[in-house]
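Notebook open, model loaded. I'm jotting down what I look up as I go.

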Amino acid sequence: MSRVAACVVAVLCGLAVLAPPARYEVDGLSMAPGLRAGDVVTTGWFPSVDRLRRPQRHERWILTSPDGSPAIKRVVGLPGETISIRGGDLTIAGQTVLTPPSLLAELASAVPEATIVAASDEAVGGRWQRTVSLPSVLDDAAFAPTERRMLFPVRDVGLAAVVCLPELPADRAAVRVLARVGGFVVPWRLKASGRYAVVAGRLDGHVVGAAWPIADADGRQEHARFCLPPLAPVAWDVVRPWPDDVTIDADDTPPSLGLGLTSAGSPMSCGDADALIEQMAVWRDILHRPAADGVVEWRLGSHAFFVLGDFPSGSRDSRHWGPLGRRVFCNRAQTLD
């Protein structure tokens, strides 16, 4: 190869590496509710570098499906693992995979049937200012109204709230926020004024909770389809196993939920608490479904990955294709336009 030809090749390779983010338009609902038809996702800068990195769990990737068409799926299983879907949960080597709050923000669906009750001081002694009247929750999908399928009960549910804490007077050193999930109470101690997101619930065989400061004007995600407040962290503040001997109900109704505030060690009046609780909603987790042929477990080879869609009944993925090799993964889908 001549020196000129070598320089041309080097320039072309450099341009490929320095390419701007690639853009992909979503087709279908397999990644709903986070991604829907017409949404545009982008890669990071230097998208060709994605060919050199190994896909990680929970990442969304643009890949080439077995029939040659492009698809966007989420990586859930890594080489050498044994993946299974049992009771609506995803497990690895028999251990349930706990969804982090940042991922729950993409997967969770709102439960519009939930009735949030502002309780009176006389009824609750000032402790639980908001409680939830929750019927049996099913894995329906408001974003797919024409879909016809059998619905199944979902037990993994929780609350998401925004609490606005004003400048505290001298006699109130802190405000405690209490979230009730079944028979558990998840507490936080807030000392600084500001606005806080509070999320708690039953998730993947655990009681979980997280609170974090937010600055968004209305406390919602940038896209209204998300039912958790923005800027969810990558880890839970509280993670407790849901005991095997603590049942919910025989008819699969979810755990009871409540939100309360206390100040200076005493419950706040419901009127005071109502002034601080700006928003409260109820979310449910994704309910994973096994393959249509009844297969619930897959053992991955040393170079194989397992991918799923976020909307199980509307996705073709590794439940149908089987594990996939690294070569079919094109680019990591990082952002939503």
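**Cysteines**

I started with Cys227, asking myself: is Cys227 buried or exposed? Its relative accessibility is 16%, so I put it down as buried, given that the cut-off for buried is under 20%. A reminder to myself here: this is a predicted model, and every value below is computed from it.

Then I looked up Cys164. Cys164 has a relative accessible area of 25%, so it goes down as partly exposed.

With cysteines on my mind, I also checked how many disulfides the structure holds. The count is zero.

**Salt bridges**

Next question for the page: how many salt bridges does the count come to? I got 13 salt bridges. I picked out a few to go through one by one.

I began with Arg53, which pairs with Glu59 in a salt bridge. The closest N and O atoms of Arg53 and Glu59 are 3.1 Å apart. I wanted to know how covered each partner is. Arg53 comes out as partly exposed because its relative accessible area is 25%. Glu59, on the other hand, counts as buried because its relative accessibility is 12%.

Then I moved on to Asp156, which forms a salt bridge with Arg202. Here the closest N and O atoms are 2.4 Å apart. I checked where the two residues sit, and this pair ties together distant parts of the chain. Asp156 is in the loop between strand 10 (130–133) and strand 11 (157–165), while Arg202 belongs to strand 14 (residues 194–203). Along the chain they are 46 residues apart. I noted both accessibilities too. Asp156 has a relative accessible area of 6%, so it is buried. Arg202 is at 7%, so I wrote buried for Arg202 as well.

My next pair was Asp317 and Arg319, which also form a salt bridge. Their closest N and O atoms are 2.8 Å apart. Is Asp317 buried or exposed? Asp317 has 0% relative accessibility, so it counts as buried. Arg319 is buried too, because its relative accessibility is 9%.

Last in this section, I found a group rather than a pair. Arg60, Arg74, Glu106 and Asp310 are joined in a network of salt bridges.

**Patches on the surface**

I switched to the outside. Which residues form a positive surface patch? I wrote down Arg127, Arg176, Arg189 and Lys191. I followed up on Arg176 and found it in strand 12 (residues 175–181). Arg176 counts as partly exposed because its relative accessibility is 34%.

There is a nonpolar patch on the surface as well, made of Trp45, Phe46, Val49 and Leu52. Together these four have about 460 Å² of accessible area. I looked closer at Leu52, which lies in the loop between strand 2 (40–42) and strand 3 (60–64). Leu52 is exposed because its relative accessible area is 74%.

**Backbone oddments**

I went through the backbone next. The peptide bond from Ala32 to Pro33 is cis, and its omega is near 10°. I placed Pro33 in the loop between strand 1 (23–25) and strand 2.

Then I turned to phi. Ala93 has a positive phi, near 55°, and it is not a glycine. I found Ala93 in the loop between strand 6 (89–92) and strand 7 (95–96). Ala93 is exposed because its relative accessible area is 61%.

Leu231 went on the page too, with a positive phi of about 65° in a residue that is not a glycine. Where does Leu231 lie? I traced Leu231 to the loop between strand 15 (206–214) and strand 16 (238–241). At 64% relative accessibility, Leu231 is exposed, because the cut-off for exposed is over 50%.

**One last pair**

I finished with Asp139, found in the loop between strand 10 and strand 11. Asp139 has a relative accessible area of 5%, so I noted it as buried. I then checked Asp139 against Asp285, which is 146 residues away along the chain. What separates their C-alpha atoms? I wrote down 8.7 Å.

Key
Residues are numbered from 1 along each chain as its sequence is written. This is a predicted model: local features need pLDDT of at least 70, side-chain atom pairs count only at pLDDT 80 or more; totals for chains, interfaces and linings use all residues. Side-chain values use heavy atoms; hydrogens and water are left out. Patches are made of residues with over 30% relative accessible area and no salt bridge: like charges are joined within 9 Å, nonpolar side chains (Val, Leu, Ile, Met, Phe, Trp, Tyr) within 5 Å. Accessible areas come from the Shrake-Rupley method with a 1.4 Å probe; for residues, only the protein chains shown count as cover. A salt bridge is a side-chain nitrogen of Lys or Arg within 4 Å of a carboxyl oxygen of Asp or Glu. Lys and Arg count as positive and Asp and Glu as negative; His and the chain ends are not counted. The place of a charge is taken as NZ of Lys, CZ of Arg, CG of Asp or CD of Glu. Helices (H or I, at least four residues) and strands (E, at least two) are DSSP runs, numbered from the N terminus. Buried means under 20% relative accessible area, exposed over 50%, partly exposed in between (1.4 Å probe, protein chains only). A disulfide is a pair of cysteine sulfur atoms within 2.5 Å.
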